[in-house]
Amino acid sequence: MNNLDTFREAGNPMFGENKLKLGVFGANCSHACAITTAETDFAPTFEKNVEIAKLLEASGMECMVPIARWRGFGGPSDFNGENMDTFTWAAALAAVTEKVYLFSTTHVPTIHPIVAAKMATTIDRISKGRYGINIVCGWFTPEMEMFGQKMLEHDTRYEYAAEWITIVEKLWTEKRFDYHGDFFTINDGVSNPKPYQSPRPVLICAGASPKGRDYVAKYCDISFGFMESMEKGKDWVTETKRLAVDKFNREIGTFTSCPVVCRETEKEAQEYYNYYIHEKGDWEACENICRVLQVQSQNHSPEMYKKFKERFIAGWGGYPLVGTPEQITDKLIELSKTGVDGTLISMVDYNSELPFWNERVMPLLEQAGLRKPVRK
Ligand SMILES: Cc1cc2nc3c(=O)[nH]c(=O)nc-3n(C[C@H](O)[C@H](O)[C@H](O)COP(=O)(O)O)c2cc1C
């Protein structure tokens, strides 16, 4: 049995029968993934997040992944400036939902692994096994240095994250242990009860640099990445899966992200896409992000940034899906052919746009064989 079979056997939706898994990204932050001042009723309130979770459950979508954020990116929108903590967010949502798989996204330097393991176990048990962690190392210097410490050098961050997750896993699975690493010392470590899921909650990570990719392949279950184009996406999926097998004898899944504008006509969809990006895009906040990201992450060239600023504004660099329900379905069929296991969608206003998505796109995805009918 390989490492993912345990999740499959337990009926984990992240590894379930739907060929293309779907989720929502970033609903815990203001403006979610759209760097824009476009008019919207969306706000990252708990009530709106509960409504989104229920809409996902109604259409059988798999998961919600929040963004780990501690401060905004400035500009007129102060993009992501209002943000809910992702552990307490997941715990509260777990208590009022039944099917959707919830993640906490956490910057490992901001939380001790003993505290993280305990909170994760608690949420996993509240949700009865519908919980996972999205591991991020931190790259936005003003955000990480707000904690009063210098950010570690890029590759060292992954070494820190390796010790962090090793300790979390030991707490989840072992009775007691001692640990002496370069960053952590654990004396007679113990954590009870153990998580609801055996052996542990699902781990995902968006590491994209060589060091980051190795980290995901070695420790995580799903790699979370950008798709610059369908062709490059296909190569990314193949290489990601191959790296895990060849280097670590493990299987990993892949997820990407897609900003969505779905309307009755192509014209309406294109007009709205132009409106929120070209008329109302917050290029200042986008510039603030790109400036730091270029220095702090190793996976993007300056040329790529220029080309992808528009995509950043649309939805954090994800692959845009703009058009009618039929056109979006065709794109998702193409996306699935890259071999990717799932995608997180983002919208300017989830609460007003998801009902149309549920009603019009989800049945087409079923017809296309990408998804099974929803079990009521
Ligand atoms: C889809 C996606 C989601 C991400 N979510 C977050 C996040 O919530 N918080 C954060 O600080 N960084 C986030 N990141 C940035 C990653 O943690 C990471 O820094 C980036 O992918 C660069 O990888 P590298 O550090 O290996 O170069 C995300 C990246 C991607 C592609």
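**Exercise 1. Determine which residue in β7 stands opposite Ile133, and place β4 among its neighbouring strands.**

Solution. Ile133 stands opposite Leu203 in β7, where strands are DSSP runs of E with at least two residues and helices are runs of H or I with at least four, both numbered from the N terminus. This is a predicted model, in which local features need pLDDT of at least 70 and side-chain atom pairs count only at pLDDT 80 or more, while totals for chains, interfaces and linings use all residues. Residues are numbered from 1 along each chain as its sequence is written, and side-chain values use heavy atoms, with hydrogens and water left out.

Next, β4 and strand β7 (residues 202–205) run parallel and are joined by four bridges, pairing being assigned if DSSP finds at least two bridges between two strands. Strand β3 (residues 101–107) also pairs with β4 in the parallel sense, over six bridges, and Ser104 stands opposite Ile133 in β4.

Finally, five of the six residues of β4 (residues 131–136) are buried (under 20% relative accessible area, with a 1.4 Å probe and protein chains only), so this strand is largely enclosed by the rest of the structure.

**Exercise 2. Decide whether Thr240 is buried or exposed, and list its contacts.**

Solution. Begin with the location: Thr240 belongs to helix α8 (residues 230–248). Its relative accessible area is 7%, and Thr240 is therefore buried. Leaving aside neighbours within four places in sequence, Thr240 is in contact (heavy atoms within 4.5 Å) with Ser223, Ile252 and Thr254.

Conventions. Buried < 20%, exposed > 50% of the residue type's maximum accessible area, 1.4 Å probe, protein only.
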